[in-house]
Amino acid sequence: MPAIAVSQLSKSFQRGHRALADIAMTVGEGEMVALIGASGSGKSTLLRHLSGLTIADRNGGAARVEILGRPMQAAGRLARDARRIRADVGMVFQQFNLVGRLSVLTNVLLGCLGRIPGWRGTLGMFTEDEKRDAMRALARVGMADYAAQRASTLSGGQQQRVAIARTLMQKARVILADEPIASLDPASANTVMEALATINREDGITVVVSLHQVNYAAKYCPRTVAMRGGQVVYDGVSTALTPAFLTDLYGADSEELLIDARPERDLEVADSLARPAFAAGM
Ligand SMILES: Nc1ncnc2c1ncn2[C@@H]1O[C@H](COP(=O)(O)OP(=O)(O)OP(=O)(O)O)[C@@H](O)[C@H]1O
């Protein structure tokens, strides 16, 4: 059973302009897939359809998104049990989406809201077991030392790692990350990508991550789906995405995807800075 199965997915926000055009793709359980494309190519729109936050055009009744074998949406309608399906889907956004005034630990605990009685969540009454689980999730992303700190005091990269810990607490089986490193410096970006790659590898969590820079796709994701104008223009191994190939795919737009592609040596330096901090919390 695939983690994600999409067929004939189209979306027109305005007449005559399709933000998504007949997308079909399948992601196997345990895959880590990059979604790349220039600004406006449809990456966020596709991710929002996967999580059921946006509903596709009916497309003759054929449009369909399945998550772990269950329809999230079909023929332009959201599934009745979309909330339950969404419990398996962890979302990570560019802007972190933490509650700044709450502690890091509480932010992670919010990940289990879908699994506990509403009144307990509202009152912030979490059990010792849940707190232990949340601490373990923080340790996985190297953030255990920050548990008591207000989320608003963290750097962007740290906040993003807390957001990833929250998806672990949620026990998400699929993580959809929408440009999670777009506003981070290279060292933080590597740490965040490393955190996603680690939970993908060790927990078998399926990860689909949209990225602006192709070098991160090549470094962390075995497979890349490349979009242009709402269509999938490449779906295959990330290592094939050489600058020449990207220029072929995107023409002048390829510059946007390569612009941050620093020499590999710089990436290695950023990596060596990022790794010990990450490993220390494992
Ligand atoms: N809610 C909306 N209303 C109208 N048009 C929209 C809406 N959301 C997306 N679009 C349009 O759909 C197209 C795809 O946008 P989308 O945000 O998915 O691209 P993207 O590849 O994620 O871009 P970026 O990298 O800049 O985030 C764009 O033309 C955008 O203007």
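Strands here are DSSP runs of E of at least two residues, numbered from the N terminus. The model is predicted.

**Stop 1: strand 11**

Select residues 231–237, which form strand 11, and pick out Val233 within that strand. Val233 counts as partly exposed because 14 C-beta neighbours lie inside 10 Å, and a residue is buried only from 20 or more. Now add Arg150 to the selection and draw a C-alpha to C-alpha distance: Val233 and Arg150 are 43 Å apart in space, with a sequence separation of 83 residues.

**Stop 2: the loop before helix 3**

Move to Gly100, in the loop that runs between strand 7 (89–93) and helix 3 (104–109). Is Gly100 buried or exposed? Gly100 has 12 other C-beta atoms within 10 Å, so this glycine is exposed. Select Thr239 as well; 139 residues along the chain separate Gly100 from Thr239, and their C-alpha atoms are 38 Å from each other.

**Stop 3: the ligand**

Centre the view on the ligand and show the residues around it: Phe13, Ala19, Gly37, Ser39, Gly40, Ser41, Gly42, Lys43, Ser44 and Thr45. Colour this shell by class to find seven polar residues, two nonpolar ones and one charged one. Which element gives the most to the shell? Helix 1 does, with three residues.

**Stop 4: helix 1**

Extend the selection to the whole of helix 1, residues 43–50. Helix 1 is mostly covered, since seven of its eight residues are buried. The buried set consists of Lys43, Ser44, Thr45, Leu46, Leu47, His49 and Leu50. Lys43, Ser44 and Thr45 thus appear in two selections, as residues around the ligand and as buried residues of helix 1. When looking along the helix, keep in mind that an α-helix has 3.6 residues a turn, so residues three or four places apart point the same way. Step just past the end of helix 1 to Gly52, where phi is positive at about 75 degrees.

**Stop 5: two positive phi values outside glycine**

Go next to strand 2, residues 17–27, and select Asp22. Asp22 is not a glycine, yet its phi is positive, at about 50 degrees. Asp22 counts as partly exposed because it has 15 C-beta neighbours inside 10 Å.

Then select Glu179, in the loop between strand 8 (174–178) and helix 7 (186–203). Here too a residue other than glycine has a positive phi, near 50 degrees. Glu179 has 19 C-beta neighbours inside 10 Å and therefore counts as partly exposed; a residue is buried at 20 or more.

**Stop 6: helices 5, 6 and 7**

Show helix 5 (residues 128–140) together with helix 6 (residues 156–169); they pack with axes 8 Å apart, at an angle of about 135 degrees. That angle makes helix 5 oblique to helix 6. The crossing of helix 5 past helix 6 is right-handed.

Hide helix 5 and bring in helix 7. At what angle do helix 6 and helix 7 pack? The angle is about 15 degrees, and the axes are 8 Å apart. Helix 6 and helix 7 are therefore roughly parallel to each other. Their crossing is right-handed.

**Stop 7: the annotated range**

Finally, select residues 4–254, which an unreviewed UniProt entry lists as "domain: ABC transporter". Over this range the chain is 34% helix and 27% strand. Mark the C-alpha atoms at the two ends of the range; they are 27 Å apart.

How values were computed: Residues numbered from 1 in each chain as written. Predicted model: local features only at pLDDT ≥ 70, side-chain atom pairs only at ≥ 80, totals over all residues. Helix = DSSP H or I, 4+ residues; strand = E, 2+ residues; numbered from the N terminus. Near = placed C-beta within 6 Å. Nonpolar A, V, L, I, M, F, W, Y, C, P; charged D, E, K, R; others polar. UniProt positions renumbered as here; feature names shortened; annotations may be inferred. Axes fitted to C-alpha atoms, helices over the stretch in contact; angles between N-to-C directions. Parallel < 35°, antiparallel > 145°, perpendicular 65-115°, else oblique. Left-handed = near helix turned anticlockwise from the far one by under 90°.
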